[in-house]
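The following note is offered to a colleague who will examine the model alongside the text. Its points take up the sheets, the ligand shell and the domains in turn.

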Amino acid sequence: MSDDAGQRLHRPDDILREAVIDAARDRLTLDPPPLDGARTPDELAAAAGTMITGSGLGGERALGLFTDVIAPACLSMDHPRYLAFVPNSASEAATAFDMLVSASNIYGGSWMEGAGAVHAENAALRWLADRAGLPDGAGGTFVSGGSIANLSALAAARHRWRRRGGAASGSPVVVLSRGAHSSIGSALELLDLEPFLVPDDDRGRFRPAELDPATLSGIESLGERVAAVVATAGTTNTGSVDDLDAVADLATRCGAWLHVDAAYGGGALCSTSRRHLFDGIERADSITIDPHKWLFAPYDCAAVLYREPEEARRTFTQHAEYLEAVNDGEWNPSDYAPHLSRRARGLPFWFSLVVHGTDAYAAAVDRTIEVTELAAARVRASEHLELVMEPELSVLLVRRPGWTPERYRDHCERLARDQVGFVVPTTWRGETVLRLCVVNPVTTPDDVTAVLPPPR
Ligand SMILES: Cc1ncc(COP(=O)(O)O)c(C=O)c1O
């Protein structure tokens, strides 16, 4: 093969480069972006045709495929009426800067290769640790999502339990409540940790004071088998915060690691109106906070923080002949989760924090809470809707008395089809209800009202 053919991939192409940057600029300036939505595999196959060929389609057609076929088949998570699951509303500063992070192609796994990026990411992690009240020595890394952050934290917890000789008492157990996120259950399965599931309260919270004596003595009888206790600060289904201080007391009594999953709720650590709900989080051994949920960072960006990072380092540091040059005592993000190569995914979050300052973050989170409250007031005042429970953070559960699960589903499908908004039903104690989650400061009370069930 000639050099010419071998170097085709890397030959500069001014036209293609500018076209891609223009397309990114266009997407950044859409206000609002179209909601868009999924298409069937057959529809996509027909619209896209053969994409990957021996000689390539060329830049213009490839970019057209993305802008005309691929992108419109992806929901715009930043649309102000995307209120399903946990949306994303990255700041423009963060999203724009993400393009520069990509262009710089920084290796974010080690200090040796990415010292500057690691320094910046650590400043952002420190800010999160300060919001939680973790001590000076705390630290961690950014991983792809809350699921991997939870897995990392529980792997470190298991490591400490083993190191302290827990295995002499039997197999490891993790205490969690029914309100814990599904990723905790999946981490326990992957790590072969046995769950001890306790009931949640009438808002989906883990409140040890409300556990019956049989459950409490069940936990006590596990003795040193309890490797960790998991609390959730912002349950996904109801947006409630566990009684963190009481769960911390329980973990202390068990001599166990306390993990707090604040993947969604962690944004409210910088809220002025809701910070008090998080009292006790400062006692955690590890915390998950996803800036790609409620802290205005683009995907993917989730923080796992450790009170004592050394425990995580012992768990995750990889050793190989060729790697020892990297294990030189400096801070390597690869030591704090099951990863080695990594994108410096914390940088867009860091940049936006530096640009806007932390007060803007507090104001943005408080705004979403205020909009949730205003929307809740409208539901309360309505004659055809009911609040399933008062919101604690920014999740609203709304009941339309008389509606079957099919009516909720049809309503959501119609909203998506008509490009009004995107919401999905959930169930609460077996009953189908509408669930909305507000994390976008651009979302207004009218946007929320627009997706609520109509009177008839
Ligand atoms: C409380 C909680 N934990 C963990 C996760 C999983 O996060 P991710 O989707 O980023 O893996 C979620 C997702 O919504 C969540 O709400």
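How many bridges join strand 6 to strand 7, and in which sense do the two strands run?

1. The model under review is a predicted one. In it, strand 6 (residues 286-289) and strand 7 (residues 302-306) run antiparallel and are joined by four bridges. Ile 289 has Ala 303 of strand 7 as its bridge partner, and Ile 287 is matched in strand 7 by Leu 305.

2. On its other pairing, strand 6 is parallel to strand 5 (residues 257-261), with three bridges between them. Here Ser 286 of strand 6 stands opposite His 259. In general, strands of a sheet pair through backbone hydrogen bonds, in either the parallel or the antiparallel sense.

3. The residues of strand 6 deserve a closer look. Ser 286 and Thr 288 point one way from the strand, Ile 287 and Ile 289 point the other way, and all are buried. This can be read against a general rule: side chains in a regular strand alternate between the two faces of the sheet.

4. These strands belong to an open sheet of seven strands with mixed pairing, in the order 1-7-6-5-4-2-3. Its edges are formed by strand 1 (139-143) and strand 3 (194-198), each of which pairs on one side only. On average, neighbouring strands of this sheet are turned by 20° against each other, direction ignored. Helix 6 (residues 111-132) packs on the sheet and touches strand 1, strand 6 and strand 7, with its direction at about 65° to that of strand 7.

5. The ligand is surrounded by 15 residues, of which Gly 145, Gly 146, Ser 147, His 181 and Ala 263 come nearest. Helix 7 (residues 146-163) gives the most to this shell, with three residues. By class, the shell holds nine polar, four nonpolar and two charged residues.

6. A second sheet should be described separately. It is an open sheet of four strands, antiparallel in its pairing, with the order 8-9-11-10. Strand 8 (386-387) and strand 10 each have a single partner strand, so one side of each is left without a neighbour in the sheet. Strand 9 (residues 395-399) runs antiparallel to strand 11, and four bridges join them; Val 395 has Cys 437 in strand 11 as its bridge partner. Helix 14 (residues 358-381) packs on this sheet against strand 8 and strand 9, its direction making about 10° with that of strand 9. Helix 15 (residues 405-417) also packs on the sheet, touching strand 10 and strand 11, and its direction makes about 150° with that of strand 10.

7. Is Gly 430 buried or exposed? This residue lies in the loop between strand 10 (424-428) and strand 11 (431-437). Gly 430 is exposed because 5 other C-beta atoms lie within 10 Å, while the cut-off for the exposed class is 12 or fewer. The C-alpha atoms of Gly 430 and Gln 318 are 45 Å apart, with their positions 112 residues apart along the chain.

8. Finally, the domains. The assignment for the protein chain gives domain 1 (12-74), domain 2 (98-356) and domain 3 (360-450). The centres of domain 2 and domain 3, taken over C-alpha atoms, are separated by 28 Å, and 22 residues of domain 2 are in contact with 17 residues of domain 3. On the domain 2 side of this contact, helix 11 (291-294) and helix 13 (347-356) each supply at least two residues. That side comprises 11 polar, eight nonpolar and three charged residues.

Notes:
Residues are numbered from 1 along each chain as its sequence is written. This is a predicted model: local features need pLDDT of at least 70, side-chain atom pairs count only at pLDDT 80 or more; totals for chains, interfaces and linings use all residues. Domain bounds come from an automatic or database domain assignment. Two residues are in contact if their C-beta atoms, placed from the backbone, lie within 7 Å. Ala, Val, Leu, Ile, Met, Phe, Trp, Tyr, Cys and Pro count as nonpolar, Asp, Glu, Lys and Arg as charged, and the others, Gly among them, as polar. A residue is near a molecule or strand if its C-beta atom, placed from the backbone, lies within 6 Å of it. Two strands pair if DSSP finds at least two bridges between them. Axes are lines fitted to C-alpha atoms, for helices over the stretch in contact, and angles run from 0 to 180 degrees between N-to-C directions. A residue is buried if 20 or more other C-beta atoms lie within 10 Å of its own, exposed if 12 or fewer, and partly exposed in between; C-beta atoms are placed from the backbone.
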